[in-house]
Amino acid sequence: IFGYLRGAYYVDHFLANNAEVVAVCEKNEKRLDRARRKLGSTAKYYKDFDSFIEHESLDAVLLANYFNEHTEYAIRLLEKNIGKLIRRF
């Protein structure tokens with residue numbers, strides 16, 4: 001999950017559908033602490049995107065950052081062959 005302010009709303013849905021949240025990237029320490037309390041030691045936690053995308057077991061990333069910033073991060077993920085681009089209408 002990239003961006004826990006919005007990404008937090010999806011965590012319960014992921015877990016209810018047997019998805020595994022392996023990493024969270026959030027620059028705000030309070031939100032990162034919320035993620036730690038919710039997910040515990042089952043996930044790794046990052047404050048910067050460069051370290052986050054180097055996490056060894058990322059199959060896909062929920063871009064839950066500000067919408068006007070999605071493009072640059074989506075391109076970087078696709079260049080690393082992480083996930084696929086899914087558009088939601």
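Mentor: Let's start with a term: the bend at a residue is the angle between axes fitted to the seven residues ending there and the seven starting there. Keep in mind as we go that this is a predicted model.

Trainee: Thanks! Where does α1 bend, and by how many degrees?

Mentor: The bend in α1 sits at Tyr-10 and comes to about 35 degrees. As for length, α1 covers residues 4-16, 13 residues in total, and reaches 18 Å from its first C-alpha to its last, close to the 18 Å expected at 1.5 Å a residue.

Trainee: And just after α1, which residue takes a positive phi?

Mentor: That is Asn-18, with a phi of about 60 degrees.

Trainee: How should I read which side of a helix faces inward? Which residues of α1 are buried?

Mentor: The general idea is that an α-helix has 3.6 residues a turn, so residues three or four places apart point the same way. In this structure, the buried residues of α1 are Tyr-4, Gly-7, Ala-8 and Val-11. Among the elements that cover these buried residues are β1 (23-25) and α2 (29-39).

Trainee: Now the interior. Which residues touch the most other members of the largest nonpolar core?

Mentor: In general, nonpolar side chains tend to be buried together in soluble globular proteins. Here the largest nonpolar core has 13 residues, and those touching the most other members are Phe-2, Phe-49, Phe-52 and Val-61. At least two residues of this core come from each of β1, α3 (49-52) and α4 (70-79). Apart from this core lies another, of 11 residues, including Ala-8, Val-11, Val-21 and Tyr-45. You have met Ala-8 and Val-11 already, as buried residues of α1.

Trainee: What is Val-61 in contact with, leaving aside its neighbours within four places in sequence?

Mentor: With those neighbours set aside, Val-61 is in contact with Phe-2, Phe-52, Leu-77 and Ile-82.

Trainee: Phe-2 keeps coming up. How many aromatic pairs does the structure hold, and how do I read their geometry?

Mentor: There are 7 aromatic pairs in the structure. To read one, look at the distance between ring centres and the angle between planes: an angle over 60 degrees counts as edge-to-face. The rings of Phe-2 and Phe-49 have centres 4.8 Å apart and planes at 65 degrees, so this pair is edge-to-face. The pair links distant parts of the chain, with Phe-2 in the segment before α1 and Phe-49 in helix α3, 47 residues apart. Both Phe-2 and Phe-49 are buried.

Trainee: What is the geometry of the pair that Phe-2 forms with Tyr-73?

Mentor: That pair is tilted, at 4.7 Å centre to centre with 55 degrees between the planes. Since Phe-2 lies in the segment before α1 and Tyr-73 in helix α4, the pair ties together parts that are 71 residues apart in sequence. The relative accessible area of Phe-2 is 10%, so Phe-2 is buried. Tyr-73 also counts as buried, at 16% relative accessibility. Stepping back, Phe-2, Tyr-46, Phe-49, Phe-52 and Tyr-73 form one aromatic cluster.

Trainee: Let's turn to charges. How many salt bridges does a search of the whole structure find?

Mentor: Side chains of opposite charge can pair when their charged atoms come close. The search finds 7 salt bridges. In one of them, Lys-47 pairs with Glu-29, and the closest N and O atoms are 3.1 Å apart. Lys-47 is in the loop between β2 (44-46) and α3, while Glu-29 is in helix α2, so the pair ties together parts 18 residues apart in sequence.

Trainee: Are those two buried or partly exposed?

Mentor: Lys-47 is partly exposed, with a relative accessible area of 43%, and Glu-29 is partly exposed at 34%.

Trainee: Which residue forms a salt bridge with Asp-33?

Mentor: Arg-36 does, with the closest N and O atoms 2.7 Å apart. Arg-36 and Asp-33 are 3 residues apart in helix α2, so about one helical turn separates them. Taken together, Glu-29, Asp-33, Arg-36 and Lys-47 are linked in a network of salt bridges.

Trainee: And which residue does Arg-76 pair with in a salt bridge?

Mentor: Arg-76 pairs with Asp-50, the closest N and O atoms being 2.1 Å apart. This pair links distant parts of the chain: Arg-76 is in helix α4 and Asp-50 in helix α3, 26 residues apart. Arg-76 is partly exposed at a relative accessible area of 28%, and Asp-50 counts as partly exposed at 45%.

Note on methods: Residues numbered from 1 in each chain as written. Predicted model: local features only at pLDDT ≥ 70, side-chain atom pairs only at ≥ 80, totals over all residues. Heavy atoms only, no water. Helix = DSSP H or I, 4+ residues; strand = E, 2+ residues; numbered from the N terminus. Expected span 1.5 Å × (residues − 1). Buried < 20%, exposed > 50% of the residue type's maximum accessible area, 1.4 Å probe, protein only. Contact = heavy atoms within 4.5 Å. Core = buried A, V, L, I, M, F, W, Y, C linked by side-chain atoms within 4.5 Å. Phe/Tyr/Trp six-rings, centres within 6.5 Å; stacked < 30°, edge-to-face > 60°. Salt bridge = Lys/Arg side-chain N within 4 Å of Asp/Glu carboxyl O.
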